[in-house]
Amino acid sequence: MLSTLSLTPSFGFGDRLGLATPGHIAAAKGANFAPIFAQQSVRENARTGRTPQQVLDDAQRAVEAAHWDAPWGADADHLKSPDDLPPFVAAGYTFYTVDPGEYVDNAADADPLPVLQQKAIELNWDELSALYLNGKCEAVFGTFDPETLLRAAVKYEKAVRHTVGMYRRLALMKDEFDFEISVDETDSPTTPLEHFFIASELTRLGVRFTSLAPRFIGRFEKGVDYLGNLAALDAEMAKHAAVAAHFGTYKLSLHSGSDKFSIYPLIARHWGERVHVKTAGTSYLEALRVLARLEPGLFNEIYAFSRQHYEADRRTYQVSAQLEKLPERGDLPALLDDFHAREVLHVTFGSVLAQFGAQLKAALERHLDAYHEGLRVHFQKHLQFLV
Ligand SMILES: [Zn+2]
């Protein structure tokens, strides 16, 4: 049953090809996570040429065929402007992720004080300082002083205001929905104290949100494990969990969750049940793994094409793969485990689908059982690490 999931632990399975949901369902059976079977960002819709309605219909068909009768959600992911909302509302999405990243001022971390003060003229500084410099914010995750508050406010207050606007617009169109704010794709990490500021401001301004995705320290690149200092992240995850526990009204959300196996135990330990994880590209990579094994001719064409398009397509993603480090052809399907090959294949999906979409889907449809079984095994590994 398509419904809101509220504070239930949840897991998002993005499916860019519209053929993956049976594998996702097989993995979700018996797991401790409520599934999001339809999850697509505005950017993904543009690159795959699919509409919000098509994405939801593909998931719905698979849900009905599998007789999945537990709650599941549909995530309208990375919505940037109010104009993005209507097609998702019309299709019946239950979970709305607002990404106000364009309104986050990443320079606020390092700006000299006079610059910050100049920027803060547009903000309601008197009100903010009365709210946050009153000594009541003492907590394990830190305390504001005038400078940290100024930096947090300059960095995030405009993003908060934009999110409030999006929330109010959505509330006019829809009665019940899960609502997430995500700043995960911004350049500067969100400190636990800044996380507190965002959550506090949203709450104060009447936004009832069910999850929040900070930008964590280190690198969360697409389709590969975490890159960064695990001990530092461990301490940081504990503080973010303390902030979320302070409010007790929302889950922490991890984006780019694909294959982040080294950090799942930290999330399980610190976040407990208040968790939402999103994956998307890994299901596309599993489709390519099937092709590498069973349709190597087509796979090699796609691989060569992806290499040509990587430098252009990588621009909107956080990835560090280098073309010169790619295996020339590599062993198939082991190539799909190579860091550089995974990222190159991951971020070029839009170009590949524009060029090879029909061929790729036709080939995959010849091997659907293998694809779904591969997804089941791959996602059960994700889900096992999270509990
Ligand atoms: Zn994201």
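**Exercise 1. Getting your bearings**

How many helices and strands does the chain have?

*Solution.* Before counting, a word on the source: this is a predicted model, where local features need pLDDT of at least 70, side-chain atom pairs count only at pLDDT 80 or more, and totals for chains, interfaces and linings use all residues. Residues are numbered from 1 along each chain as its sequence is written, and side-chain values use heavy atoms, with hydrogens and water left out.

Step 1: take the DSSP runs, numbered from the N terminus, with helices being H or I of at least four residues and strands being E of at least two. Step 2: count them, and you get 15 helices and eight strands.

**Exercise 2. Overall shape and surface**

Work out whether the radius of gyration of the chain agrees with that of a compact globule.

*Solution.* Step 1: the radius is taken over C-alpha atoms, and the globule rule is 2.2 Å times the number of residues to the power 0.38. Step 2: for 387 residues the rule gives a value near 21 Å, and the chain has 21 Å, so the two agree. Step 3: for the outline, the C-alpha atoms fill a box of roughly 65 × 45 × 40 Å along the principal axes.

Step 4: now check burial, where buried means under 20% relative accessible area, exposed over 50%, and partly exposed in between (1.4 Å probe, protein chains only). Buried residues make up 56% of the 387.

Step 5: look at contacts, meaning heavy atoms within 4.5 Å. Of those between residues at least 6 apart in sequence, 77% join residues at least 24 apart.

Step 6: finish with charge, counting Lys and Arg as positive and Asp and Glu as negative, and leaving out His and the chain ends. Each charge is placed at NZ of Lys, CZ of Arg, CG of Asp or CD of Glu. The tally is 39 positive and 51 negative side chains, and the centres of the two sets lie 1 Å apart.

**Exercise 3. The zinc site**

Which residues coordinate the zinc ion?

*Solution.* Step 1: donors are N, O and S atoms within 2.8 Å of the metal (3.2 Å for Na, K and Ca); water is not among the atoms, so sites may look incomplete. Step 2: pick out the donors, and you find His-78 through NE2, Asp-184 through OD and His-255 through ND1, at 2.0 to 2.4 Å. Step 3: write the spacing along the chain, which is H-x105-D-x70-H. One pair links distant parts of the chain: His-78 sits in strand β3, while Asp-184 is in the loop between β5 (178-182) and α8 (192-204), 106 residues apart.

Step 4: check the surroundings of two ligands. His-78 is buried at 9% relative accessible area, and Asp-184 is buried too, at 13%. Step 5: look at the backbone of His-78, which has a positive phi of about 50 degrees although this residue is not a glycine.

**Exercise 4. Around a cis proline**

Where is Pro-333, and what can be found around it?

*Solution.* Step 1: place Pro-333 in the loop between α12 (296-313) and α13 (339-347). Step 2: inspect the bond joining Leu-332 and Pro-333, a cis peptide with omega of about -5 degrees.

Step 3: go to Phe-299 in helix α12, buried at 0% relative accessibility. The C-alpha atoms of Phe-299 and Pro-333 are separated by 9.7 Å, with their positions 34 residues apart along the chain. Leaving aside neighbours within four places in sequence, Phe-299 is in contact with several residues, among them Leu-332, Leu-335 and Leu-336.

Step 4: turn to Arg-293 in helix α11 (281-294), which is partly exposed at 48%. Neighbours within four places aside, Arg-293 is in contact with Pro-333 and Ala-370.

**Exercise 5. Two more helix residues**

Are Thr-163 and Pro-52 buried or exposed?

*Solution.* Step 1: find Thr-163 in helix α7 (146-173) and read off its relative accessible area of 0%, which is buried. Not counting residues up to four places away in sequence, Thr-163 touches Val-98, Pro-100, Phe-179, Ile-181 and Leu-202.

Step 2: do likewise for Pro-52 in helix α3 (52-65), which is buried at 11%. With residues up to four places away left out, Pro-52 touches Asn-45, Pro-87, Phe-88, Ala-91 and Tyr-93.
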